[in-house]
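Here is a short briefing on one protein chain. Keep the structure in view while reading.

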Amino acid sequence: MNLEAAISCLAYHAGEIYGKKAFQKYVYFISVRGVPLPLTFRMGPTGPFSRELDERMEHFEMLGVIQICRQNVPCVIVPGRNAEEIIGEAAEFVKRYGPVIKDVARRLPDEPEKLELLATVHFVAEAIRALSGSDFSDKKETVSEVLKIKKNRFNEPAVSAAYDELMRVGWIG
């Protein structure tokens with residue numbers, strides 16, 4: 001039930017999320033910002049990806065957690081018919097994690113490509129930090145690794161700017 005509440009709360013605060021790939025990135029960020037979700041994210045072709053989340057999308061739509069408007073390309077994900085009720089039923093969870101979800105929804109850009117870049121930089125920076133045992137990530141190494149992973153998709157100034165943005169908001173250290 002907490003996963004449905006988190007997804008409902010995210011859709012409510014984001015309003016519109018443009019595409020399933022962008023939705024994955026929003027959920028990735030609420031997860032890494034401390035919202036406990038039963039999801040595992042791995043690096044995919046477009047950044048952090050959760051197979052469990054992907055497999056539950058239709059389930060969320062059937063429950064009225066979200067609505068997926070497929071007439072647009074990419075699809076648009078909005079709060080479902082039961083989102084407010086689901087949020088109300090999980091009052092304690094939403095009281096505790098709602099501010100984090102709202103902050104993530106407010107800070108992230110709408111553009112799927114920018115979301116992909118931010119999420120990829122974050123994922124790589126955190127992996128490097130964890131592997132090194134350090135409390136801080138290394139910008140030069142992070143930028144280099146993202147450029148290797150993404151090949152020609154992003155350039156060095158864009159990756160560096162994404163790293164700086166994540167540092168500015170305190171999402172990487």
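Helix α3 covers residues 51-63, 13 residues in total. From first C-alpha to last it reaches 19 Å, close to the 18 Å expected at 1.5 Å a residue. The model is predicted. The points below start with this helix, move to the strands, and end with the whole protein.

**Helix α3**

- α3 is not straight throughout: at Met-57 it bends by about 40°.
- Met-57 is also one of the buried residues of α3. The others are Leu-53, Phe-60 and Glu-61.
- An α-helix has 3.6 residues a turn, so residues three or four places apart point the same way.
- Which elements do the buried residues of α3 pack against? Two are helices, α1 (2-14) and α2 (20-32). The other two are strands, β4 (66-69) and β5 (76-79).
- Gly-64 comes just after α3 and takes a positive phi of about 80°.

**Strand pairing**

- β4 and β5, both packing partners of α3, also pair with each other. They are antiparallel, with 4 bridges between them.
- Within this pairing, Ile-66 has Pro-79 of β5 as its bridge partner.
- β5 is joined to strand β1 (residues 17-18) as well. These two strands run antiparallel and share 2 bridges.
- Which residue of β5 stands opposite Tyr-18? It is Val-76.
- In a regular strand the side chains alternate between the two faces of the sheet.

**Overall fold**

- The protein holds 8 helices and 5 strands.
- Read from the N terminus, the order of elements is α-β-α-β-β-α-β-β-α-α-α-α-α.
- Take the contacts between residues at least 6 apart in sequence: 62% of them join residues at least 24 apart.

**Size and surface**

- The C-alpha trace spans about 45 × 35 × 25 Å along its principal axes.
- Why does the radius of gyration agree with a compact globule? For 173 residues, such a globule would have a value near 16 Å, and the protein has 16 Å, so the two agree.
- Of the 173 residues, 46% count as buried. Leu-53, Met-57, Phe-60 and Glu-61 of α3 are among the buried residues.
- The exposed area is about 9,100 Å². Carbon and sulfur atoms supply 50% of that area.

Note on methods:
Residues numbered from 1 in each chain as written. Predicted model: local features only at pLDDT ≥ 70, side-chain atom pairs only at ≥ 80, totals over all residues. Heavy atoms only, no water. Expected span 1.5 Å × (residues − 1). Bend = angle between axes of the 7 residues up to and from the residue. Buried < 20%, exposed > 50% of the residue type's maximum accessible area, 1.4 Å probe, protein only. Contact = heavy atoms within 4.5 Å. Pairing = 2+ DSSP bridges. Rg over C-alpha atoms; globule rule 2.2 N^0.38 Å. Areas by Shrake-Rupley, 256 points an atom, 1.4 Å probe, with all protein chains shown as cover.
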